[in-house]
Amino acid sequence: AVVSTQSGHYGRGALPFKLLSSNVLLSLIYPAISMMIMMRRMLIVAMVTLATVAYHIKSVGETHHQACLQLCVGETEPGIGFVPYGRDGSYLQVNTTRCGFLDSSKVNIQTSLHGEGWHWKSSGVASIYSPTASSFRVYLLNHKEITNTTEFAEKYSWYVQYQIVGRVC
C-alpha cells in the first residue's frame, strides 16, 4: 500500500497518518523557537556580563582591586524622562549617581527596555551614549507605527533596566 501525503509518497512501512502541513507545523513550533531565541539572547547578555566582570577582576590584579569593582543594577521610573529627539525618536538620560562609580572609562553598561506594550517596536536601547561616572544616555528610534515615542513611553509605562560594572575605589 502507498500513502500519499503533502511531502510525497511512502511505500511499505509508511506512516499510518497524514503528515501535518508546513503551516500547522510552524504554528506549533514558532512559539518554542521564539522562546529559545529569547532565552539565548538572555544567556548571551549574562555571559558577556560575567566575562566582563572576570576580565576586569583579572586585569586589576589582587584582592584589594577586586573589591573595587561593583555591580549596580536599577531601573528608571516607568514612562518618565523620555525627551523628544528630532522627528524619529527620543532619548532618556539615566542617572546612576547612586552607584558611586569613580571613572566613566571603566564602566560596562547593559540595558533593556520594558513596559506594558509597544516597546518591542522601538530600537536603540542597547546603544549607550555619553557614559559618565554618574549617568548615561540611550536613544530610541520610532517604528513607523509609533508616531511619538515620548507619548508611547508614558502611555505604556516604558522603563529602562540597567546593569553596570564599574570601579568604586
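Reader: Why is Cys68 called buried in this structure?

Author: In this predicted model, Cys68 has a relative accessible area of 1%, and because buried means under 20%, the residue is classed as buried.

Reader: And why is Cys169 called partly exposed?

Author: The relative accessible area of Cys169 is 42%, and because partly exposed covers the range between under 20% and over 50%, that value places Cys169 in the partly exposed class.

Reader: How do you know that a disulfide joins Cys68 to Cys169?

Author: The sulfur atoms of Cys68 and Cys169 lie 2.0 Å from each other, and since a disulfide is a pair of cysteine sulfur atoms within 2.5 Å, the pair meets the rule and is counted as a disulfide.

Reader: Which parts of the chain does the pair of Cys68 and Cys169 tie together?

Author: Cys68 belongs to the loop between helix H2 (63-66) and strand S3 (69-75), whereas Cys169 sits in the segment after strand S9 (159-167), so the pair ties together parts that are 101 residues apart in sequence.

Reader: What makes the disulfide of Cys68 and Cys169 left-handed?

Author: The torsion about its S-S bond is about -110 degrees, and therefore the disulfide is left-handed.

Reader: What is known of the disulfide that joins Cys72 to Cys99?

Author: For Cys72 and Cys99 the S to S distance is 2.0 Å, and the link is left-handed, with -60 degrees about the S-S bond. The pair links distant parts of the chain, with Cys72 in strand S3 and Cys99 in the loop between strand S5 (89-95) and strand S6 (108-114), 27 residues apart. Both Cys72 and Cys99 are buried. The count comes to 2 disulfides, and their pattern is 1-4, 2-3 when the bonded cysteines are counted along the chain.

Reader: How do you know that S3 and S9 pair?

Author: Strands S3 and S9 run antiparallel and are joined by 7 bridges; because two strands pair if there are at least two bridges between them, S3 and S9 qualify as partners. One such bridge sets Gln70 against Gly166 in S9.

Reader: What makes S3 and S6 edge strands of the open sheet?

Author: The sheet is formed by 3 strands in the order S3-S9-S6, with antiparallel pairing. S3 and S6 each have a single partner strand, so one side of each is left without a neighbour in the sheet. From one strand to the next, the twist averages 10 degrees.

Reader: What is the mean pLDDT of the chain?

Author: The mean is 76, and 62% of the residues reach 70 or more. Over residues 1-10, however, the pLDDT is below 50, and this stretch has 19 contacts in the model beyond near neighbours in sequence.

How values were computed
Residues numbered from 1 in each chain as written. Predicted model: local features only at pLDDT ≥ 70, side-chain atom pairs only at ≥ 80, totals over all residues. Heavy atoms only, no water. Helix = DSSP H or I, 4+ residues; strand = E, 2+ residues; numbered from the N terminus. Buried < 20%, exposed > 50% of the residue type's maximum accessible area, 1.4 Å probe, protein only. pLDDT = per-residue confidence, 0-100. Contact = heavy atoms within 4.5 Å. Axes fitted to C-alpha atoms, helices over the stretch in contact; angles between N-to-C directions.
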